[in-house]
Each structure stands twice: as structure tokens, then as C-alpha cells.
Amino acid sequence: MSLQNTIRALADPIRREILNLLRDGRLSAGEIAGRFPVTSASISRHLSVLREADLIRDTREGKYIYYELNVSVLEEVTLWIANLKGEETDGEAVCEK
């Protein structure tokens, strides 16, 4: 996983909305696709980009694939942004180089 892939994945508004949907719990690909006015193939590509960036994980159960957030990657991005802004975390300045 690279930060570049993560930033690229987060750049798209549909992918950000997919992440918002998954914040409330795992969903199947069909449940996700049903919430957008785009083709299932387009949603499938968005899910692939999110998975490649390690922002989501998938689990196959029978004929369904369920997606859920990978919170650890989101935490890494949040820490990187806090560091970039010069913010403090846990009472100490973030000084990662």
C-alpha cells in the first residue's frame, strides 16, 4: 500500500461516499451499487480501487462479497494529515520524517 494509492482512491466523490456507507457496517456489493446512479461495473471498479488502496476489505460468503472499512489505513492517513498540519496527537507534536 502506498500513500499515493490512498490519496488517489480518496480523490473520487463516489469512493468517499462508499467509505461513508461502510462506516455504519459491512455491505454487499449489490447493496452498495443500489445506492448510486451508476452501473454495477462502475461500482465494481470503485471497489477495486478502494481495495487496492487497502481502504476496504472484502469477504466472500456464498455467492455474495461483503465489504468493510479497513480503519487502520484511515488512521495512518489521519496521522499523516495531522503531521502535515503540525498538530499534536496524544499531547505530543507529531514529528515523523
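**Reading the fold of a predicted model**

Mentor: Read along the sequence, this protein follows the pattern α-α-β-α-α-β-β-α-β-β, and please keep in mind that what we have here is a predicted model.

Trainee: OK, so how many helices and strands does the secondary structure come to?

Mentor: The protein has five helices and five strands.

Trainee: And what order do the strands take in the open sheet?

Mentor: Three strands form that open sheet in the order 1-3-2, with antiparallel pairing, and strand 1 (27-28) and strand 2 (56-61) are its edge strands, since each pairs on one side only.

Trainee: How many bridges join strand 1 to strand 3?

Mentor: Two bridges join strand 1 to strand 3, which covers residues 64-69, and within strand 3 the bridge partner of serine 28 is tyrosine 66.

Trainee: Which helix packs on the sheet?

Mentor: Helix 4, residues 40-52, packs there and touches strand 2 and strand 3, while its direction makes about 115° with that of strand 2.

Trainee: Switching to helix 5, what should its span be?

Mentor: Helix 5 runs over residues 71-85, and because each of its 15 residues counts for 1.5 Å, it should span 21 Å, which agrees with its end C-alpha atoms being 21 Å apart.

Trainee: Which of its residues are buried?

Mentor: In helix 5, the buried residues are Val73, Val77, Ala82 and Asn83, and the helix is followed by glycine 86, whose phi is positive, near 75°.

Trainee: What share of the whole protein is buried?

Mentor: Of the 97 residues in the protein, 31% are buried, and the accessible surface comes to about 6400 Å², of which 49% belongs to carbon and sulfur atoms.

Key: Residues are numbered from 1 along each chain as its sequence is written. This is a predicted model: local features need pLDDT of at least 70, side-chain atom pairs count only at pLDDT 80 or more; totals for chains, interfaces and linings use all residues. Side-chain values use heavy atoms; hydrogens and water are left out. Two strands pair if DSSP finds at least two bridges between them. Helices (H or I, at least four residues) and strands (E, at least two) are DSSP runs, numbered from the N terminus. Contact means heavy atoms within 4.5 Å. Axes are lines fitted to C-alpha atoms, for helices over the stretch in contact, and angles run from 0 to 180 degrees between N-to-C directions. The expected span of a helix is 1.5 Å times one less than its number of residues. Buried means under 20% relative accessible area, exposed over 50%, partly exposed in between (1.4 Å probe, protein chains only). Accessible areas come from the Shrake-Rupley method with a 1.4 Å probe; for residues, only the protein chains shown count as cover.
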